[in-house]
Amino acid sequence: RRELDPVDIIAAGFPCQGASLAGNRKGLSDNRTALWWHVVRICSAIRPRYICLENVSALLTVSGGQDFGTILGSLDRIGYDASWRVLSASEFGAPHRRKRLFVVASDTDSCSQYAMPVHAEASSTPESSLLRYWDYSESPLVGMANGLPHRMDRNRALGNAIVPQCSQYLGGYL
């Protein structure tokens, strides 16, 4: 096994099909969503200061909330305290909701514990640098910014990707 340099942050978004309202709702028993256990294994071996997770907000309720409890419990077992919240892309000026669950866990042995920020809507501050990304005239994905009027086939490729402004907001507090 090769020695690795220390890592400050591991960001992971494990597959959501088992949790998504549009999926099969099998939770962690879905083989794809069960890739979570690889995230745990990697984080346990590497020991970053922070673990940043993203998934669909329905992860909170799949299996009656039991699977989210399992995720939090597994983070605790490997020595991490977690905080979480659901952020919507529309809170950051996006033209769609795209609600996503974000979990930030900090190493309990580290002096730098993370507290999830209380979120005041970014869209209430138009000068926010987070909102400049939604200036449609400068968007690198002009079709997406303007509602995908042509090249609709790209919609599938865009899928349920996270909105970077949400992650940027949380990362600003690390």
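How many disulfides does the count come to by this rule, in which a disulfide is a pair of cysteine sulfur atoms within 2.5 Å? The count comes to zero disulfides. The sulfur of Cys 52 lies 9.7 Å from the closest cysteine sulfur, that of Cys 43, which is too far for a bond. Cys 52 is buried, with a relative accessible area of 19%, where buried means under 20% relative accessible area with a 1.4 Å probe and protein chains only.

The model is predicted, so that local features need pLDDT of at least 70 and side-chain atom pairs count only at pLDDT 80 or more, whereas totals for chains, interfaces and linings use all residues. Residues are numbered from 1 along each chain as its sequence is written, and side-chain values use heavy atoms, with hydrogens and water left out.

An open sheet of four strands (E in DSSP, at least two residues, numbered from the N terminus) has the order β1-β2-β4-β3 and mixed pairing, two strands being paired if DSSP finds at least two bridges between them. β1 and β3 (80–88) stand at the edges with a single partner strand each, so one side of each is left without a neighbour in the sheet. β2 and β4 run antiparallel and are joined by seven bridges, and Val 104 in β4 is the bridge partner of Cys 52.

The largest nonpolar core (buried Ala, Val, Leu, Ile, Met, Phe, Trp, Tyr and Cys residues joined through side-chain atoms within 4.5 Å) has 23 residues, among which Trp 36, Ile 51, Leu 53, Leu 59, Ile 71 and Leu 75 touch the most other members. α1 gives the most to this core, with four residues.

How values were computed: Buried < 20%, exposed > 50% of the residue type's maximum accessible area, 1.4 Å probe, protein only. Disulfide = S-S within 2.5 Å.
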